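Let's take a walk through this one together, starting with the whole chain and ending with a few side chains. Have the viewer open and follow along.

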Amino acid sequence: GLELGKARVKEMCESFGAKVTSSVSGRTNLLVVGQEPGMSKVSKARATGQCVLMDVHELRLSLVSGKVCNDVSEKPPMVIASFSMGYKHKEGYNSLALQASTEQLEYAAGLAPPTHYLPAPSAHPPHAKPRAAAKPRAKPNP
């Protein structure tokens, strides 16, 4: 399944000294993507300006050759054909790609130039229930 594949890729990367995380940060320099990655993670990776995207096959070939390209300027942007639909709920799927504008989709897919960052749509889809505001706690009487 999906988790088995992720675990194997993680183990392979760590065996070559990589630090593997589940989220993208400003320090991320390589994102291994599957067939239908999440739009939010891909958009964040592209926005760092330093993160190379590659699939498992390309990563394997890079490791075998002894040279993993982790310089964005040396590699054309990976084009992503489709994004994950997310999880299915009663109201439908929760993928951010379903709410994104054409510009956001093109940027995340690697079709628009990376001249500026177009943020992904809100992480809370319209059908999601809004979170309740935090209630102030009463101070105990001395």
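Before anything else, a word on contacts: two residues are in contact when they have heavy atoms within 4.5 Å. Keep in mind that what you're looking at is a predicted model. With that in hand, take the contacts in the protein chain between residues at least 6 apart in sequence: 47% of them join residues at least 24 apart.

Now for the layout. The protein chain has four helices and four strands, and from the N terminus on they come in the order α-β-α-β-α-β-β-α. Of its 142 residues, 26% count as buried. The accessible surface adds up to about 10,500 Å², with carbon and sulfur atoms accounting for 56% of that.

Let's head inside. In soluble globular proteins, nonpolar side chains tend to be buried together. Here, the largest nonpolar core has 15 residues, and the ones with the most contacts inside it are L31, V33, M39, V42, A45, L53 and F83. Helix 2 and helix 4 are the elements that give two or more residues to this core, and helix 2 gives the most, with three. There's also a second, separate core of six residues, among them V9, V52, L59 and L63.

L53 is a good residue to click on. Leaving aside residues up to four places away in sequence, L53 touches L31, V33, V42 and A45, and also R46, E58, K75, M78 and I80.

Next, swing over to helix 4, which covers residues 102–109. Which of its residues are buried? They are Q104, Y107, A108 and A109. An α-helix has 3.6 residues a turn, so residues three or four places apart point the same way. Part of what covers the buried residues of helix 4 is helix 2 (39–47). Right after helix 4 comes G110, with a positive phi near 90°.

Why does Q104 count as buried? The cut-off is under 20% relative accessible area, and Q104 counts as buried because its value is 14%. Its side chain also has a partner: the side chain of Q104 reaches the backbone nitrogen of S101 at 2.8 Å.

Finally, come back out to the surface. M85, Y93 and L98 make a nonpolar patch of about 280 Å² there. To find L98, look in the loop between strand 4 (92–93) and helix 4.

Conventions: Residues are numbered from 1 along each chain as its sequence is written. This is a predicted model: local features need pLDDT of at least 70, side-chain atom pairs count only at pLDDT 80 or more; totals for chains, interfaces and linings use all residues. Side-chain values use heavy atoms; hydrogens and water are left out. Buried means under 20% relative accessible area, exposed over 50%, partly exposed in between (1.4 Å probe, protein chains only). Accessible areas come from the Shrake-Rupley method with a 1.4 Å probe; for residues, only the protein chains shown count as cover. A polar contact is a pair of N or O atoms within 3.5 Å; within protein, one must be able to donate a hydrogen and the other to accept it, and residues adjacent in sequence count only if both atoms are side-chain atoms. Patches are made of residues with over 30% relative accessible area and no salt bridge: like charges are joined within 9 Å, nonpolar side chains (Val, Leu, Ile, Met, Phe, Trp, Tyr) within 5 Å. A salt bridge is a side-chain nitrogen of Lys or Arg within 4 Å of a carboxyl oxygen of Asp or Glu. A nonpolar core is a set of buried Ala, Val, Leu, Ile, Met, Phe, Trp, Tyr and Cys residues joined through side-chain atoms within 4.5 Å.
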